[in-house]
Amino acid sequence: MTSSPVYLLLVLACSIGLLIFLINWRTKLHPFLALATVSFLAALAAGQALPKIPEVLIDGAGSTLGETGLVVFLGAMLGRLLAESGAVNKIADLVIKHSSPRSAPWVMTAVAFLIGIPMFFEVGLVVLMPVIYAVALRLDVAAGRPKTWYLRVLIPAIAALSCLHGMLPPHPGPVIAVNGLHANMGLTIGLGLICAVPTVILAGPVYARFIAPRISLEPSDDLIHQFTGTTVEAAQSEHQAANTTAPVGGGVGTATTRTALTEDTGLRPVPTWLAFLCVLVPVLLMLFQTVVDLAAPNSVLKAPAALFGNPVMAMFVGVLFAAVVLSLASGMSGQMARKAMGASLGSVAGIALIIAGGGMFNEVLKTSGIGDAIVDITSQLHMNYILLGWLVGLILSFCTGSATVGIVSATGILAPLVSGMPDPYVSLVVIAIGSGSIGLNWVNHAGFWFVKESFGMTLGQATKTHMTVQTLVSVFGLLFALLLSLLF
């Protein structure tokens, strides 16, 4: 295998350039085929042994689908159950009732921030997807369909979930850095929150207000129906029939709490508290594991918490819970519930396949030696340790498609350097490493493709939204860590 760092970085640059060309070429090659093609060519160029290339590609696709794919499919089932039963509209009604068009993105920021405390980025977004779609659809229709509200609601959620995922324990990445640098866990959480709040505000609702009018985005009818149980036309008719010309809370019109689908099938309205409970079951299970790990790591609760707090198991239990209680509450028959869950899989099958392609690309980059080459280069740099940790985490995460690789490598480099330094400073290095790991989340990250395909974005739109938001979170996280370091 070729080991020259310059050559390996050239392979990376050419791979990304070819991927962009294939997806945006006049033939508009399917992203999965483009990713598979680029992954194969990158493996050849990097000098991978020919018999091992299929194994590398299969391992990359399989490991990514092993967890992320299952979470996506289970999340699609949960979302469709919430949509078909009318539960998601209850949640949207409550959010809209207690907010105005100006404050709705801020409310979504707060909701995503709370959900993101125990949940991984992809899992939290899967859980929030029906709410994001339902709220955005209502606001978009009420405002005359300017096609800005999907981004106004989505971007704050991305900012909050990614920030917590990268910067704050008990998420795995920050915990790895805390343990590796022997940082104080409580102090890291406290300083992390101080950095996270302004970071989420600037990269979330503030950036969303700037970029949304500059990108016209409206997901396809299939995606809207998947997550809301209705269509744009039905939502418009409902809005007009309700005669909602008078704004509520500053501009969002009141709307009936039942979709056309719910009315046609004669289902009973689902209580609002029950709708929220169905969304929160996976959150509570993962939060339970977090609390046990922090407060009672050696107790008898450790094993069941680890079992049900696993993202796949938490989503699995959440789907079963929703299927039972929503069927009983709304009068949905078992056949209707089964049909809804089966129908949900078709719309996300392509998303899962693209995520698998991203896993292929990620695995090729990781096994090509790019990460080791960058570690060798950055370990010889002499700079502020907070900036160094952020830079190593950023570059390796971008090159390998794995935030964990960036965090582990940066932690190994910084561990001997920060030994004996004040606890607050070490905690800020942890925050900087985590911030770096979530920046430049682009074409070799599964999360990028998940967001892109879930909202029907072009590659350029996903770059201006998802990648840019996570990079802003990364940069602001670094800046606030550097500002706090002036105090120590």
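**A friendly tour of a helical model**

Reader: How many helices and strands are there in the protein?
Author: Happy to start there, with the reminder that this is a predicted model. The protein has 22 helices and two strands.

Reader: What percentage of the residues of the protein count as buried?
Author: The chain has 488 residues. A residue is called buried when its relative accessible area is under 20%. By that cut-off, the buried part of the protein comes to 56%.

Reader: And among contacts between residues at least 6 apart in sequence, what percentage join residues at least 24 apart?
Author: Contact here means heavy atoms within 4.5 Å. Taking the contacts between residues at least 6 apart, the portion that joins residues at least 24 apart is 80%.

Reader: I always ask about cysteines. How many disulfides does the structure hold?
Author: Good habit! A disulfide is a covalent bond between the sulfur atoms of two cysteines. In the model, a pair of cysteine sulfur atoms would have to lie within 2.5 Å to count. The number of disulfides in this structure is zero.

Reader: Is Cys278 buried or exposed?
Author: For contrast, take Cys14, whose relative accessible area of 48% makes it partly exposed. Cys278 has 0% relative accessibility, so this residue counts as buried.

Reader: Let's look at helix α15. What span is expected for α15 at 1.5 Å a residue?
Author: Helix α15 covers residues 311-330, which is 20 residues. From its first C-alpha to its last, α15 reaches 27 Å. That is close to the expected value of 28 Å.

Reader: Which residue caps the N-terminal end of α15?
Author: Look for a side-chain oxygen that lies 2.9 Å from the backbone nitrogen of Val312. At the other side of the story, just after α15, Gly331 takes a positive phi of about 85°. The N-terminal cap itself is Asn310.

Reader: Within α15, why does Ala314 count as buried?
Author: Ala314 lies in helix α15. Beyond its neighbours within four places in sequence, Ala314 is in contact with Pro282, Leu285, Met286 and Phe308. The C-alpha atoms of Ala314 and Met286 are separated by 6.7 Å, although the two are 28 residues apart along the chain. Ala314 is buried because its relative accessible area is 0%.

Reader: One last residue: in which helix is Ser435 found?
Author: Ser435 counts as buried, at 0% relative accessibility. Leaving aside neighbours within four places in sequence, its contacts include Gly166, Trp390 and Leu478. The helix that holds Ser435 spans residues 423-437 and is α20.

Note on methods: Residues numbered from 1 in each chain as written. Predicted model: local features only at pLDDT ≥ 70, side-chain atom pairs only at ≥ 80, totals over all residues. Heavy atoms only, no water. Helix = DSSP H or I, 4+ residues; strand = E, 2+ residues; numbered from the N terminus. Buried < 20%, exposed > 50% of the residue type's maximum accessible area, 1.4 Å probe, protein only. Expected span 1.5 Å × (residues − 1). Polar contact = N/O pair within 3.5 Å; in protein donor to acceptor, adjacent residues only side chain to side chain.
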